[in-house]
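These are my notebook entries on one structure. I looked up its cavities, its aromatic rings and one of its helices.

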Amino acid sequence: MPSPIPRPDDPATVSPHPQAGAPTVLKIVIAGGFGAGKTTAVGAVSEITPLSTEEYLTEASADVDNLAGLASKRTTTVAFDFGRLSLPDALTPLELFLFGTPGQDRFIDLWYDISRGAVGAVVLVDTRRLESSFTPVSFFEDIGLPFVVAVNQFDGAHRYHPEQVRTALGLPAAVPVVTCDARDPNHVAGVLLTLVHHADAVTSRTGHTPSTTLQDA
């Protein structure tokens with residue numbers, strides 16, 4: 001019986017040298033501010049029914065969840081979202097495990113656990129609430145995890161050039177900034193491939209896999 005494909009629960013099990021014919025298994029974090037489209041992105045691209053931990057917003061969170069610009073939002077992620085995407089026709093066949101984080105800053109301790117063993121992260125940005133993007137950007141910079149920024153083009157939102165978003169967020173030139181529609185599977189898949197290529201470039205440039213140093217318990 002062949003050995004199972006290593007799963008990315010433990011950083012040590014994600015090998016860049018999979019068995020012959022087996023896909024490379026990678027864990028990817030989908031992050032961003034509250035209401036940026038993380039659950040939508042995971043659901044749009046996942047080939048399995050995504051695991052979602054959505055709960056209804058209640059008056060109890062009124063003082064901590066800023067709903068400015070999100071009048072229609074009724075639910076929020078309270079643990080994580082999970083989906084899977086296989087790309088067997090890629091130059092290197094891939095199996096991507098997608099973990100969406102809760103967006104509110106009060107869940108930041110959980111972000112450390114979700115990021116354990118990930119090859120990189122996608123930070124979804126809502127230009128209507130750009131200030132909510134600074135915390136996830138700073139988080140991945142601090143733990144040394146490669147990330148790309150994907151500007152989610154919400155209906156009715158002003159369209160900004162990616163370089164304008166880069167300047168507003170103070171991002172270095174090495175961090176890719178792209179636009180996407182989180183509802184479109186092809187857009188989301190393209191963003192994920194951009195991240196995989198970026199993470200590979202970081203590894204090639206530095207000569208070692210990215211550090212994902214986690215917060216002390």
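**Entry 1: Cavities**

I began with empty space, and the largest cavity came out at a volume of about 60 Å³. I note at the outset that this is a predicted model. A general remark guided the search: rolling a probe the size of a water molecule over the atoms shows where empty space is left. I found two cavities of 30 Å³ or more in the structure.

I then asked which residues line the largest cavity. They are Ile-30, Ala-41, Val-122, Leu-124, Cys-180, Ala-182, Val-188, Val-191 and Leu-192. Strand β6 (120-125) and helix α5 (185-206) are the elements that give two or more residues to this lining. Helix α5 gives the most, with three residues. By class I recorded nine nonpolar, no polar and no charged residues in the lining of the largest cavity.

The second largest cavity has a volume of about 40 Å³. I listed its lining as Thr-127, Val-151, Asn-152, Gln-153, Ala-157, His-158, Arg-159, Tyr-160 and Thr-179. Here the classes are three nonpolar, five polar and one charged.

**Entry 2: Phe-140**

I next looked up Phe-140, which lies in helix α3 (residues 134-143). Is Phe-140 buried or exposed? Its relative accessible area is 2%, under the 20% limit, so I entered Phe-140 as buried.

I then searched for what Phe-140 touches, leaving out residues up to four places away in sequence. The contacts are Val-29, Ala-31, Ser-115, Ala-121, Val-123, Leu-145 and Phe-147. I checked Ala-31 further: 109 residues separate Ala-31 from Phe-140 in sequence, while their C-alpha atoms are 9.7 Å apart in space.

**Entry 3: Aromatic pairs**

I turned to the rings. In general, a pair of aromatic rings is described by the distance of the centres and the angle of the planes. I counted six aromatic pairs in the structure. One of them joins Trp-111 and Phe-139, with 5.4 Å centre to centre and 85° between the planes, an edge-to-face arrangement. This pair links distant parts of the chain, since Trp-111 belongs to helix α2 (residues 108-115) and Phe-139 to helix α3, 28 residues apart. I recorded both Trp-111 and Phe-139 as buried.

I also looked at Phe-140 with Phe-147, whose ring centres are 6.4 Å apart and whose planes stand at 35°, so this pair is tilted. Phe-147 has a relative accessible area of 5%, so I noted Phe-147 as buried. Ring pairs link Trp-111, Tyr-112, Phe-139, Phe-140 and Phe-147 into a cluster.

**Entry 4: Charges over rings**

I asked where the charged end of Lys-27 sits. It sits over the ring of Phe-99, 4.7 Å from the ring centre. For Arg-128 I found the charged end over the ring of Phe-154, 4.1 Å from its centre.

**Entry 5: Helix α2**

I returned to helix α2 and asked which of its residues are buried. They are Trp-111, Tyr-112, Ile-114 and Ser-115. Trp-111 and Tyr-112 had already appeared in the ring cluster, and Ser-115 among the contacts of Phe-140. I noted that the cover over the buried residues of α2 includes strand β1 (24-32), strand β5 (94-100) and helix α3. Last, I looked up what follows α2: Gly-117, with a positive phi near 80°.

Note on methods. Residues are numbered from 1 along each chain as its sequence is written. This is a predicted model: local features need pLDDT of at least 70, side-chain atom pairs count only at pLDDT 80 or more; totals for chains, interfaces and linings use all residues. Side-chain values use heavy atoms; hydrogens and water are left out. Helices (H or I, at least four residues) and strands (E, at least two) are DSSP runs, numbered from the N terminus. Buried means under 20% relative accessible area, exposed over 50%, partly exposed in between (1.4 Å probe, protein chains only). Contact means heavy atoms within 4.5 Å. Rings of Phe, Tyr and Trp (its six-membered ring) pair if their centres lie within 6.5 Å; planes under 30 degrees apart count as stacked, over 60 as edge-to-face and the rest as tilted. A charge sits over a ring if NZ of Lys or CZ of Arg is within 6 Å of the ring centre and within 35 degrees of the ring normal. On a 1 Å grid over the protein atoms alone, a cavity is a set of points where a 1.4 Å probe fits but cannot get out, and a pocket is an open set with protein on both sides within 12 Å along at least five of seven lines; lining residues have an atom within 4 Å of a point. Grid points are joined across faces, edges and corners, and a volume is the space filled by probe spheres set on the points. Ala, Val, Leu, Ile, Met, Phe, Trp, Tyr, Cys and Pro count as nonpolar, Asp, Glu, Lys and Arg as charged, and the others, Gly among them, as polar.
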